[in-house]
Amino acid sequence: MSTVIAVDAMGSDRAPKPEVEGAILAARSYDVHVRLVGRDDAIRAEMRNHSASDVRHRIEIVPAEEVIGMDEKAAQAVRTKKKSSIHVGLRLVRDGTASGFATAGNTGATMASAKMILGALPGVDRPGLAAVFPTSKGSAAILLDVGANVDSKPQNLEQFAIMGDIYSRNIFGINRPKVGLLSIGEEEGKGNELTRETYKLMQHLPINFAGNVEGRDLYNGKVDVIVCDGFVGNVALKISEGLVETVRYLLKESLRSTITSQVGFLLSRRAFADFKKRLDYSEYGGAPLLGVKGVCIIGHGSSNANAIKNAIRVAAEFAERGINQKIERDIATARLAAARTSSGDRAPQHAPQAGRHDD
């Protein structure tokens, strides 16, 4: 039976064009049924622009009268626009008629709505938003939190570490992910009070904790999961996005500057295309909001059809592989271990990895 994914058809900057195109691509590529949520007339008008008779039976329109714009304040929009495409899509997940939700809409409004409509998983104090970075080793690194929480406590970062470990193992197939704590130096005592206290907690988690890492380690593949608070993570994410765009621009300008470089570009076009693909955010689909009772994937407002297609893919993978159930189980295991530690029965530092249980 196909996995049902709800898509906010009114979310992106150019909605509903990328959402409709992405839904068609996903329906052709994966075993999914897509429910496009938004203004019925706009979605139908866009559907008529595409030849999709082969997958039309796997794409459904769910009407939603209201749209939350990118420039709207999240708190106010969530309270006043109960019939928005974000609200309606998340309610489909809550009510069990969709296995996951994907949007390229207002990030703040989506996170607030998900917390309100879906709620947090048992044992999770605050959900975290996870972003994926390409590394020089050809692997993917996960950074979380990248903006769900501006202020975090050590216990929140501890939970982010567990959720990131599960994400890395189950989505990217890394058997024993290395988990690092983002700080200003590799030594245990470096950083602020938050990172120092978090370090103490992460030492006793049943994960492969690699200690502190620095900003340069985002892209070198030293670790597979990097944990930080949402303020630092969002700054790191935005700097990285700006850097990628700058590198692309400068490289393109250099290749066009002389006849010799233009000839070189023609000869190396395949390599350049591969370079662009490795840095292309659309290949990763979006950032999952980890720790809520349901699958919620949040993409860029500038998402194209390929990004929407991959967001649907990621949402389906999360649902099919039971990521939330594993998070709930491993958080409970970690809390039990912490309770034993505080009572004097310290768990061994190299305990079996949480959540293995033949995942």
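Ala-130 sits opposite Leu-144 of strand E6, and that pairing is a good way into this predicted model. Before going on, some housekeeping. Residue numbers start from 1 along each chain as its sequence is written, and side-chain values use heavy atoms, with hydrogens and water left out. Because the model is predicted, local features need pLDDT of at least 70 and side-chain atom pairs count only at pLDDT 80 or more, while totals for chains, interfaces and linings use all residues.

**The overall picture**

The protein's secondary structure comes to 12 helices and 11 strands. Helices (H or I, at least four residues) and strands (E, at least two) are DSSP runs, numbered from the N terminus. Of the 359 residues, 52% are buried; that label means under 20% relative accessible area, with exposed being over 50% and partly exposed in between (1.4 Å probe, protein chains only). The accessible surface is about 16500 Å², and carbon and sulfur atoms hold 52% of it. Those areas come from the Shrake-Rupley method with a 1.4 Å probe, and for residues only the protein chains shown count as cover. As for contacts (heavy atoms within 4.5 Å), take those with a separation of 6 or more: 74% are between residues 24 or more positions apart.

**Strands E5 and E6**

Back to where we started. E5 and E6 run antiparallel and are joined by five bridges; two strands are said to pair if DSSP finds at least two bridges between them. Their hairpin has five residues between the strands, and there Gly-138 takes a positive phi near 90°.

E5 is mostly covered, with seven of its seven residues buried. In a regular strand the side chains alternate between the two faces of the sheet. For E5, Gly-128, Ala-130, Val-132 and Pro-134 are on one side, Leu-129, Ala-131 and Phe-133 are on the other, and all are buried. E6 is mostly covered too, with five of its five residues buried. On one side are Ala-140, Ile-142 and Leu-144, on the other Ala-141 and Leu-143, and both faces are covered.

Each of these strands has another partner. E5 is joined to E10 (residues 287-290) by two bridges, and these two run antiparallel. E6 pairs with E9 (residues 225-227) in the parallel sense, over three bridges. Here are some residue pairs from these ladders:

| Residue | Opposite residue or bridge partner |
|---|---|
| Leu-129 (E5) | Leu-289 (E10) |
| Phe-133 (E5) | Ala-141 (E6) |
| Leu-143 (E6) | Ile-226 (E9) |

**A look at Phe-133**

Phe-133 belongs to strand E5, which spans residues 128-134. Its relative accessibility is 4%, so it counts as buried. Neighbours within four places in sequence aside, Phe-133 is in contact with Ser-139, Ala-140, Ala-141, Leu-143, Leu-218, Tyr-219, Leu-237 and Ser-240. Take Tyr-219 from that list: it is 86 residues from Phe-133 in sequence, but the C-alpha to C-alpha distance is 6.8 Å.

**Helices**

Helix H4 (residues 85-94) has eight of its 10 residues buried, so it is largely enclosed by the rest of the structure. The buried ones are Ser-85, Ile-86, His-87, Val-88, Gly-89, Leu-90, Leu-92 and Val-93. Just after H4, Gly-96 takes a positive phi of about 85°.

H1 and H11 (residues 305-320) make a helix pair: their axes come within 7 Å and cross at roughly 50°. The axes are lines fitted to C-alpha atoms, for helices over the stretch in contact, with angles running from 0 to 180 degrees between N-to-C directions. H1 and H11 are therefore oblique to each other. On that scale, under 35 degrees is roughly parallel, over 145 roughly antiparallel, 65 to 115 roughly perpendicular, and the rest oblique. The contact is made by Pro-18, Glu-19, Glu-21, Gly-22, Ala-23, Leu-25, Ala-26 and Ser-29 of H1, together with Ala-305, Ile-308, Lys-309 and Ile-312 of H11.

**Cis peptides worth a check**

A cis peptide bond joins Ala-15 and Pro-16, with omega about 5°. Pro-16 is in the loop between strand E1 (3-8) and helix H1 (17-29). Another cis peptide bond joins Leu-144 and Asp-145, with omega about 10°. Asp-145 lies in the loop between strand E6 (140-144) and helix H6 (154-171), while Leu-144 is the residue that stands opposite Ala-130.
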